[in-house]
Amino acid sequence: SAAVQGGAVATAAEDGTVHLWGPSKPFRKVKAIRAHEEEALCLQWDRCGGGWLLSGGADGTVKLWRPHDSARQEPLAELKLPGQVYATDWGLGAGATDIWTASDDQVGHWDLEKSCRLSGSFQCPLFGDEAYGGERNEGSKAYVFGLHQCPSREELAVANSDGILRVHSREDGRLLHAVQCCQAGVPVTKCAYLGAGQHLLAATGRGDVFLFDCRKLDSCVYSIQAHSKPVYDLLGWPAQPGKHFLSCSSDCTVKAWDAATGGLLG
């Protein structure tokens, strides 16, 4: 996983380390934090450019960091959850201290300062009989691999290991929409709203990327065979988040796309 804020780039490693890279070209590693006891699975900078970083790990922890503080190696806050943490998302308000987390099949809404659960938390059980397996999921349990809040509506998009993209109410967790993106056994790995929330992206374990018009989620606007291996991150292009987006894959590539056409940039 990777996260970008201004000129700072944070990356997550299989050994649980979070690396911070400086804005020089080529990128130069400026700090390494031993963040998790197992693989670091997700990273996200705060929405307001304040230098706060969330990390989630296979050890079931969510941690808050301020990595630009040169000497500090300890988290500022920590949550211990019952399962692996594949995704986090910050609250939408300026300076918000509430966060969303995905731990196994549980989506949680938390007050980070008080470590207490807030309204809106819900479970995402399997719709079918089969979900993505893998070495950490031998029992083919349901996993939430990605989540993202809509910036203009009280909605939360959820990427699930049973191949279904879901949209839930942020207020009470109620299921609003469910879209089958993949056949059984292929997970939806990441989801992201574009711009003000007119469109919703979903990526899969086959390397596909789908774009949906949020006014009619029953069919996609287009699909792209974007990568040869699973897509693990979808990011709005920082300069033009509603027009361009990035996809990051375990095939060791990062690609930039035109959101209007699905065409590869560059």
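In what order do the 3 strands of the antiparallel open sheet stand? The order is 22-23-24, and the legends below start there. This is a predicted model, in which local features need pLDDT of at least 70, side-chain atom pairs count only at pLDDT 80 or more, and totals for chains, interfaces and linings use all residues. Residues are numbered from 1 along each chain as its sequence is written, and side-chain values use heavy atoms, with hydrogens and water left out.

**View 1. The open sheet of strands 22, 23 and 24.** A strand here is a DSSP run of E with at least two residues, numbered from the N terminus. Two strands pair if DSSP finds at least two bridges between them. The edges are strand 22 (231-236) and strand 24 (254-258), each pairing on one side only. On average, neighbouring strands are turned by 25 degrees against each other, direction ignored; the axes behind such angles are lines fitted to C-alpha atoms.

**View 2. Where strand 23 meets strand 24.** Strand 23 covers residues 244-249 and runs antiparallel to strand 24, with 5 bridges joining them. Look for F245, which stands opposite W257 of strand 24.

**View 3. The open sheet with the order 5-6-7-8.** Its 4 strands also form an open sheet with antiparallel pairing. Strand 5 (40-45) and strand 8 (77-80) are the edge strands, and each pairs on one side only. Here neighbouring strands are turned by 15 degrees against each other on average, direction ignored.

**View 4. Strand 7 beside its partner, strand 8.** Residues 61-65 make up strand 7, which pairs with strand 8 in the antiparallel sense over 4 bridges. Find K63, and you can spot its bridge partner in strand 8, E78.

Technical notes: Axes are lines fitted to C-alpha atoms, for helices over the stretch in contact, and angles run from 0 to 180 degrees between N-to-C directions.
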